[in-house]
Every structure is written in structure tokens, then in C-alpha cells.
Amino acid sequence: MTTPHPQAANPLRAAQLSFVGVGVMAEAMIAGLLRRQLVSRGQIVGSHPRPARREELQTHYGIRMVESNRDAATHKASRSDATPTEDGGPSIVVLAIKPQRVGKVFQELKGALDESQLVLSIVAGARMETIANELEHPAVVRAMPNTPAQIGQGMTTWTATPQVTDRQLEEVRALLGALGREMHVENENMIDMATALSATGPTYIFMMMEALVDAGVHMGFSRHVSEELVIQTMLGSVLFARESHKHPAELRNMVTSPGGTSAEAIYQMEKGGLRTVLSKAVYAAYQRAVALGRK
Ligand SMILES: NC(=O)c1ccc[n+]([C@@H]2O[C@H](COP(=O)([O-])OP(=O)(O)OC[C@H]3O[C@@H](n4cnc5c(N)ncnc54)[C@H](OP(=O)(O)O)[C@@H]3O)[C@@H](O)[C@H]2O)c1
């Protein structure tokens, strides 16, 4: 998971990584990998259509950036100071473009990959069967991160086609661990479920955060005071829940005295249907994820 691997046990020590489309998520992954010293700069190559973005990434991280996605994904962009696959190509090709660009990238990479390579896609809604068919490449991992990955606190779920080897599974585990926590799930339906719960999850949390801050302002706190009270309360409650290993209902009961403030607040939340609304929101997000995957 999040713990750095000692050099000897680092599954990525000999990997050559290629990032096709280096935007927010791919940059978070690159930054995490370098920060944790799981790979060296020479093991990474990225592709981006804009020269300014290539320059920015090259200067900031010292990684090699190229214009052509096909070059990044094949032996052409490999460097002699890394240990690549037998044919010299990147061992893992990470697809990190937006869903609307994926069709064009499939065309560019079709038939270009060697069978020893692994494709790791974080593209929302792109199913493994589609990726494998479009690229004519059976070894595919599909992962679904979330936005806290940008600060190394993400939750990423992933699943793999049967052609992915045990060694590649370990590499993927280490690679996605650079974004925070990672969890292997059995199938793509679980990726759709996780899309609704953990990938869409920050939306539920941020909306509750916003509503609580507004409630503080409504009572008369200044916005910045209200924000600090709410953010630290949310953070502390989450850490308390994780560290105490207690059920949330038990933790809630601990602060609910008879006739007290929590009891009064709970009454209003139940009356307003908070649980039902959250449950319906998550299920609606799940159905949307399934529908987007069918397009
Ligand atoms: N961000 C999240 O929390 C999150 C969570 C789960 C999954 N995802 C998935 O992760 C993927 C990347 O998301 P992101 O937030 O990192 O998006 P992003 O910041 O827009 O990154 C995509 C990058 O690809 C570049 N690009 C555009 N056309 C390209 C092409 N033809 N070839 C190569 N690169 C190209 C874009 O450049 P321009 O800026 O010039 O357009 C951009 O820098 C998406 O598929 C998204 O669904 C993201």
C-alpha cells in the first residue's frame, strides 16, 4: 500500500515507465514515484502534444518528454540508463488521457505494443475489453483513482486481465501505491462500484463540508473560522474512525447524550432523509458509471 519499498524489494527497480498524456493524474503518479524513490527519472518517459507542457515537466522532474504517443509507448523513447523490456520498450504504458481523447490514442498505438508490455489505463469509462481489442494487446490493467491522489492520499481500485503476470501485478501495486492507497478488486463491475463510492467520493465529502461551513456562517462565524472548525472536525473524525476500528454508529452513540445537541441534530438529519439521499446519490453515480462504460 503506501509504505515505500526497500530498494531490494522494489518491484519497479527495473521497470521502464511510459505515460501517455501527462496531465494532473499522471503528474501526481510521477511525483509520488520520484518522491518515494521507487523509480529514477531515467526510468520515465512521457508524451504530451503541447511543447510548453513538455518543457514544464522536463524541467521540473528531469524526465524525458516526447511529442509522439507512439514513440513514448515503444522502444523509440527508451533510454540506455534504464533496464527496459527485452526489446527495449517501456515495460508499463500508462494511459492517462481524458476519455474523449482515448479513441485517437488507440489509433496511434494500435498494434505497436510488444507482448511483454503492460497497459495500465486510468481513463474513466474505458473498459478492459475495449482497450485490449483496440490496442490488439491482451495484458491490461484498469485503475480508478480519486482526486486526493494529487497529494498522495488517494484511494485507487484496480483490476487486471488474466494475461497480466504476477510480476506485473506487483509492479502495478507499487505504481498505484504512489497515489496513496490501492486496492485490487475482482472485476470491472467493482470498478464501476468504486467509481461511485471512492472516485466520486470527494464530491459527497466536499458538499457536506460546504454545507457545514455555510451553517457556521449562518450562526455568525466568519467564513475562515467556520472552515477551520469544519475541516479539522472532519479530518479528526475520519482519523478517529480509522484508528479506533469502531463502527461509525458506535462512535456516534458515544457523543449522543439523552436530550443533548447530537440527539437533536440526528433527529433533523433523519427527518431530512440524509442517509437515503446519500445512498441514492451513490447508486445514481454507479448507474451512470455503468452507462458510460457501455458507450
Ligand atoms: N482527476 C481525477 O480525479 C481522476 C479520477 C479518476 C480517473 N481519472 C481519469 O484519469 C484520466 C486523466 O485525468 P486528469 O485529471 O489527469 O486529466 P488531464 O489533467 O486533462 O490530463 C490529460 C492530459 O492529456 C493531455 N492530452 C490531450 N490530448 C492528448 C493527446 N492526444 N495525447 C496525449 N496527451 C493528450 C491533456 O493536454 P491539454 O491540457 O492540453 O488538454 C492533459 O494534459 C482521465 O481519463 C480521467 O477520466 C481522473
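Which backbone oxygen does the side chain of Gln-43 reach at 3.2 Å? I looked this up first, in what is a predicted model. The backbone oxygen is that of Arg-13.

**Entry: Gln-43**

I stayed with Gln-43 for a while. I found a second contact from its side chain, to the backbone oxygen of Leu-12 at 3.0 Å. I then placed Gln-43 in the chain: it belongs to the loop that runs between helix H1 (24-35) and strand S2 (44-47). I also asked whether Gln-43 is buried or exposed. Its relative accessible area is 7%, and under 20% counts as buried, so I noted Gln-43 as buried.

**Entry: the whole protein**

I stepped back to see the protein as a whole. I noted 12 helices and eight strands. The C-alpha trace spans about 70 × 40 × 35 Å along its principal axes. The protein has 295 residues, and 43% of them count as buried.

**Entry: the ligand**

Next I went to the ligand. Where does the ligand sit? I found it in the second largest pocket. I listed what surrounds the ligand: there are 22 residues, of which Val-24, Met-25, His-48, Arg-50 and Ile-97 come nearest. I sorted the shell by residue type and got 12 nonpolar, six polar and four charged residues.

I then looked at individual contacts to oxygen atoms of the ligand. Met-25 uses its backbone here: an N or O atom of that backbone is 2.7 Å from a ligand oxygen. Arg-50 uses its side chain, where an N or O atom lies 2.7 Å from an oxygen of the ligand. For Lys-98 I noted a polar side-chain atom at 3.4 Å from a ligand oxygen. How much of the ligand's area does the protein bury? The ligand taken alone exposes 880 Å², and the protein buries 80% of that.

**Entry: Ser-18**

I moved on to Ser-18, which I found in strand S1 (residues 17-20). Its relative accessible area is 0%, so I put Ser-18 down as buried. What lies 2.8 Å from a polar atom of the Ser-18 side chain? I found the backbone oxygen of Ala-72 there.

**Entry: distances to Pro-11**

I took Pro-11 as a reference point and checked two residues against it. Glu-170 is 159 residues away from Pro-11 in sequence, and the C-alpha to C-alpha distance is 6.2 Å. Ser-198 is 187 residues away from Pro-11 in sequence, and here the C-alpha atoms are 26 Å apart.

I placed both residues in their elements. Glu-170 is part of helix H6 (residues 166-177), and Ser-198 is part of helix H7 (residues 188-199). I also looked up their exposure. Glu-170 has a relative accessible area of 39% and is partly exposed. Ser-198, at 16%, is buried. The cut-off for buried is under 20%, so the value for Ser-198 meets it.

**Entry: Arg-181**

I looked up Arg-181 and found it in strand S8 (residues 180-184). With a relative accessible area of 35%, Arg-181 is partly exposed. How many residues separate Arg-181 from Gly-152 in sequence? I noted 29 residues in sequence and 8.4 Å in space, C-alpha to C-alpha.

**Entry: positive phi**

My last lookup concerned backbone angles. Most residues other than glycine have a negative phi. I noted two residues with a positive value.

Gln-37 is not a glycine, yet its phi is positive, at about 55 degrees. I located Gln-37 in the loop between H1 and S2. Gln-43 is found in the loop between those elements as well. Is Gln-37 buried or exposed? Its relative accessible area is 58%, so I recorded Gln-37 as exposed.

His-245, also a residue other than glycine, has a positive phi near 55 degrees. I found His-245 in the loop between helix H9 (223-244) and helix H10 (248-254). His-245 is exposed, with a relative accessible area of 72%. Exposed means over 50%, so the value for His-245 meets that cut-off.

Technical notes:
Residues numbered from 1 in each chain as written. Heavy atoms only, no water. Near = heavy atom within 4 Å. Polar contact = N/O pair within 3.5 Å; in protein donor to acceptor, adjacent residues only side chain to side chain. Areas by Shrake-Rupley, 256 points an atom, 1.4 Å probe, with all protein chains shown as cover. 1 Å grid on protein atoms, 1.4 Å probe; cavity = no way out; pocket = protein on both sides within 12 Å on 5 of 7 lines; lining within 4 Å. Sits in = over half its atoms within 2 Å of the grid points. Nonpolar A, V, L, I, M, F, W, Y, C, P; charged D, E, K, R; others polar. Helix = DSSP H or I, 4+ residues; strand = E, 2+ residues; numbered from the N terminus. Buried < 20%, exposed > 50% of the residue type's maximum accessible area, 1.4 Å probe, protein only.
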